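Trainee: Hi, I'm new to this one. Could you walk me through it?
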Amino acid sequence: MAQGEKVGVADVAEAARRARFGALPERIRLADTVEEKPATVPDPARNAYNDDEWLVRTCI
């Protein structure tokens, strides 16, 4: 291999790297990274459990 061929291959590889990684990606605004969803109605069955009920069932 001649010295000129090595330089040519290196130049091609460098050009490919610069084409791919030569610039930073576009900035993303903070407002574009937030997703808003409406709140749901609370489920009444979720808090229907009485925390002290186990005491009444097991001790009496």
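Mentor: Happy to; we'll go from the overall fold to the surface and then to the charged pairs. Keep in mind that this is a predicted model.

Trainee: How many helices and strands are there in the protein chain?
Mentor: The chain has 2 helices and 0 strands.

Trainee: And what share of the 60 residues is buried?
Mentor: Buried residues come to 0% of the 60. The chain exposes about 6,700 Å², with carbon and sulfur atoms supplying 57% of that area.

Trainee: Which residues make a nonpolar surface patch?
Mentor: Tyr49, Trp54 and Leu55 make one of about 370 Å². Of these, Trp54 sits in helix H2, which covers residues 53–59.

Trainee: Switching to charges: how many salt bridges turn up in the whole structure?
Mentor: A search finds 2. In general, side chains of opposite charge can pair when their charged atoms come close.

Trainee: Which side chain does Glu14 meet in a salt bridge?
Mentor: Glu14 pairs with Arg18, at 3.3 Å from N to O. Both residues belong to helix H1 (residues 3–21), and they are 4 residues apart, about one turn of the helix.

Trainee: Why does Glu14 count as partly exposed?
Mentor: Because its relative accessibility is 33%, and partly exposed is the class between under 20% and over 50%. Arg18 has a relative accessible area of 59%, so Arg18 is exposed.

Trainee: What about Asp32, which residue does it form a salt bridge with?
Mentor: Asp32 bridges to Arg29, and their closest N and O atoms are 3.3 Å apart.

Trainee: Are Asp32 and Arg29 buried or exposed?
Mentor: Both Asp32 and Arg29 are exposed.

Key. Residues are numbered from 1 along each chain as its sequence is written. This is a predicted model: local features need pLDDT of at least 70, side-chain atom pairs count only at pLDDT 80 or more; totals for chains, interfaces and linings use all residues. Side-chain values use heavy atoms; hydrogens and water are left out. Buried means under 20% relative accessible area, exposed over 50%, partly exposed in between (1.4 Å probe, protein chains only). Accessible areas come from the Shrake-Rupley method with a 1.4 Å probe; for residues, only the protein chains shown count as cover. Patches are made of residues with over 30% relative accessible area and no salt bridge: like charges are joined within 9 Å, nonpolar side chains (Val, Leu, Ile, Met, Phe, Trp, Tyr) within 5 Å. A salt bridge is a side-chain nitrogen of Lys or Arg within 4 Å of a carboxyl oxygen of Asp or Glu.
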